[in-house]
Amino acid sequence: MVSKSVAKRDASRNIGEELLQAIRDVKAGKAGAEYSVSANEVVETRLKCGLSQSEFAAALHISPRTLQQWEQGRRQPSGAAETLLRIVSRHPKVLREVMQPRPNNSSKPTPLRGAA
């Protein structure tokens, strides 16, 4: 239900004139309010690595949804994930190195003595 003050305000509005004025403002280069959103630390870390969300999530062995939650500030990484993000933030090349496929070793590891 609309409050009386809102109904009174809307009754005195000329919506057509407001729209025309808005169009005139746009044509005159008068933009509306400008907003900027700063990226949080998780986003900045991912961007330093040059990875997409899905690539970054795969590198961290987490779901893309979890990464999205972190980036949107809905959840915070904790424990080992938080520590790993701090390391990657300071040394983004490390994550790319870890993501590289391992070279094939033609030699098999030597078994431990006494192992069956």
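**Notebook: helix α5 and its surroundings**

I began with what covers the buried residues of α5, and found that the cover includes α3 (41–49), α4 (53–60) and α6 (80–90). I note that the model I am consulting is predicted.

I then looked up which residues of α5 are buried; they are Leu67, Gln69, Trp70 and Glu71. I recorded that α5 is followed by Gly73, which has a positive phi near 75°.

I next took up Glu71, which lies in α5, a helix of residues 64–71. Is Glu71 buried or exposed? Its relative accessible area is 13%, and because buried means under 20%, Glu71 counts as buried. Setting aside neighbours within four places in sequence, I listed the contacts of Glu71 as Asn40, Val42, Val43, Arg46 and Gln53. With Gln53 I found a polar contact, side chain to side chain, at 2.5 Å.

I turned afterwards to two of the covering helices, α3 and α6. I recorded that two packed helices are described by the angle between their axes and the distance between the axes. For α3 and α6, the axes come within 9 Å and cross at roughly 45°. That angle makes α3 oblique to α6. I entered the crossing of α3 and α6 as left-handed.

Which residues of α3 and α6 meet? From α3 I noted Val42, Thr45, Lys48 and Cys49, and from α6 Leu85, Val88 and Ser89. I sorted the residues of this contact into four nonpolar, two polar and one charged. Val42 appears in two of my entries: it is in contact with Glu71, and it is among the α3 residues that meet α6.

Methods:
Residues are numbered from 1 along each chain as its sequence is written. This is a predicted model: local features need pLDDT of at least 70, side-chain atom pairs count only at pLDDT 80 or more; totals for chains, interfaces and linings use all residues. Side-chain values use heavy atoms; hydrogens and water are left out. Helices (H or I, at least four residues) and strands (E, at least two) are DSSP runs, numbered from the N terminus. Buried means under 20% relative accessible area, exposed over 50%, partly exposed in between (1.4 Å probe, protein chains only). A polar contact is a pair of N or O atoms within 3.5 Å; within protein, one must be able to donate a hydrogen and the other to accept it, and residues adjacent in sequence count only if both atoms are side-chain atoms. Contact means heavy atoms within 4.5 Å. Axes are lines fitted to C-alpha atoms, for helices over the stretch in contact, and angles run from 0 to 180 degrees between N-to-C directions. Angles under 35 degrees count as roughly parallel, over 145 as roughly antiparallel, 65 to 115 as roughly perpendicular and the rest as oblique. A crossing is left-handed if the near helix is turned anticlockwise from the far one by less than a right angle, and right-handed if clockwise. Ala, Val, Leu, Ile, Met, Phe, Trp, Tyr, Cys and Pro count as nonpolar, Asp, Glu, Lys and Arg as charged, and the others, Gly among them, as polar.
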